[in-house]
Amino acid sequence: QFDSLHAHSTPEAQESLGRPEEMQGHLDELVARIGEESEVIEEKVVMRNGMPQYWRTSLYTMAPEPFMLRWVIVNGQIAGIGMNPASRAPAIDPVQ
């Protein structure tokens with residue numbers, strides 16, 4: 001559903017993430033590295049740098065530790081995406 005993700009992204013995110021087929025390519029590369037999602041550990045929304053982020057932490061079939069996918073949401077649009085091992089989660093705003 002990359003067409004939908006692209007359509008609901010800010011122009012800046014569209015430029016950064018590329019066209020829907022490029023987004024699919026990024027996912028394919030990630031899956032080749034960490035495998036398929038096998039279990040969701042936690043989903044939450046946090047504030048980071050004054051913007052809401054959706055954080056999804058999951059186990060993946062080839063990852064040595066839980067992996068986190070982060071979506072930055074601004075005015076109902078995707079403004080950015082981040083990915084990292086859960087042990088390297090970035091700091092969140094002190095007041096939630």
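**Helix H3, an aromatic pair and the chain as a whole**

Me: What makes Glu21, Glu29 and Ala32 of H3 exposed?

Reply: In this predicted model, Glu21, Glu29 and Ala32 are exposed on the other side of H3 from its buried residues. The word exposed requires a relative accessible area over 50%, so each of these residues is taken to pass that cut-off.

Me: Which residues of H3 are buried, and how do you know that they lie on the same side of the helix?

Reply: The buried residues of H3 are Pro20, Met23, Leu30 and Ile34. They cover an arc of only 75 degrees around the axis, which puts them on the same side of H3. As a general point, an α-helix has 3.6 residues a turn, so residues three or four places apart point the same way.

Me: What do the buried residues of H3 pack against?

Reply: Their partners are helix H1 (2–7) and helix H2 (11–17), together with strand E2 (51–60), strand E3 (67–74) and strand E4 (77–85).

Me: How do you know that the span of H3 is close to what is expected?

Reply: H3 runs over residues 20–34, which is 15 residues, and reaches 21 Å from its first C-alpha to its last, close to the 21 Å expected at 1.5 Å a residue. After the helix comes Gly35, whose phi is positive, near 90 degrees.

Me: Why is the pair of Tyr60 and Phe67 called edge-to-face?

Reply: One aromatic pair is counted in the model. The ring centres of Tyr60 and Phe67 are 6.1 Å apart, and the limit for a pair is within 6.5 Å, so the two rings qualify. Their planes stand at 85 degrees, and since over 60 counts as edge-to-face, the name follows.

Me: Why are Tyr60 and Phe67 called buried?

Reply: Buried means under 20% relative accessible area; Tyr60 has 15% relative accessibility and therefore counts as buried, and Phe67, at 7%, counts as buried too. Across the protein chain, buried residues make up 33% of the 96 residues.

Me: How do you know whether the radius of gyration of the protein chain agrees or disagrees with that of a compact globule?

Reply: For 96 residues, a compact globule would have a radius of gyration near 12 Å, and the protein chain has 14 Å, which agrees. Its C-alpha atoms fill a box of roughly 40 × 35 × 15 Å along the principal axes.

Me: What makes up the pattern of the protein chain along the sequence?

Reply: The protein chain has three helices and four strands, which follow the pattern α-α-α-β-β-β-β.

Note on methods. Residues are numbered from 1 along each chain as its sequence is written. This is a predicted model: local features need pLDDT of at least 70, side-chain atom pairs count only at pLDDT 80 or more; totals for chains, interfaces and linings use all residues. Side-chain values use heavy atoms; hydrogens and water are left out. Helices (H or I, at least four residues) and strands (E, at least two) are DSSP runs, numbered from the N terminus. The expected span of a helix is 1.5 Å times one less than its number of residues. Buried means under 20% relative accessible area, exposed over 50%, partly exposed in between (1.4 Å probe, protein chains only). The arc is that of the directions from the helix axis to the C-beta atoms. Contact means heavy atoms within 4.5 Å. Rings of Phe, Tyr and Trp (its six-membered ring) pair if their centres lie within 6.5 Å; planes under 30 degrees apart count as stacked, over 60 as edge-to-face and the rest as tilted. The radius of gyration is taken over C-alpha atoms; the globule rule is 2.2 Å times the number of residues to the power 0.38.
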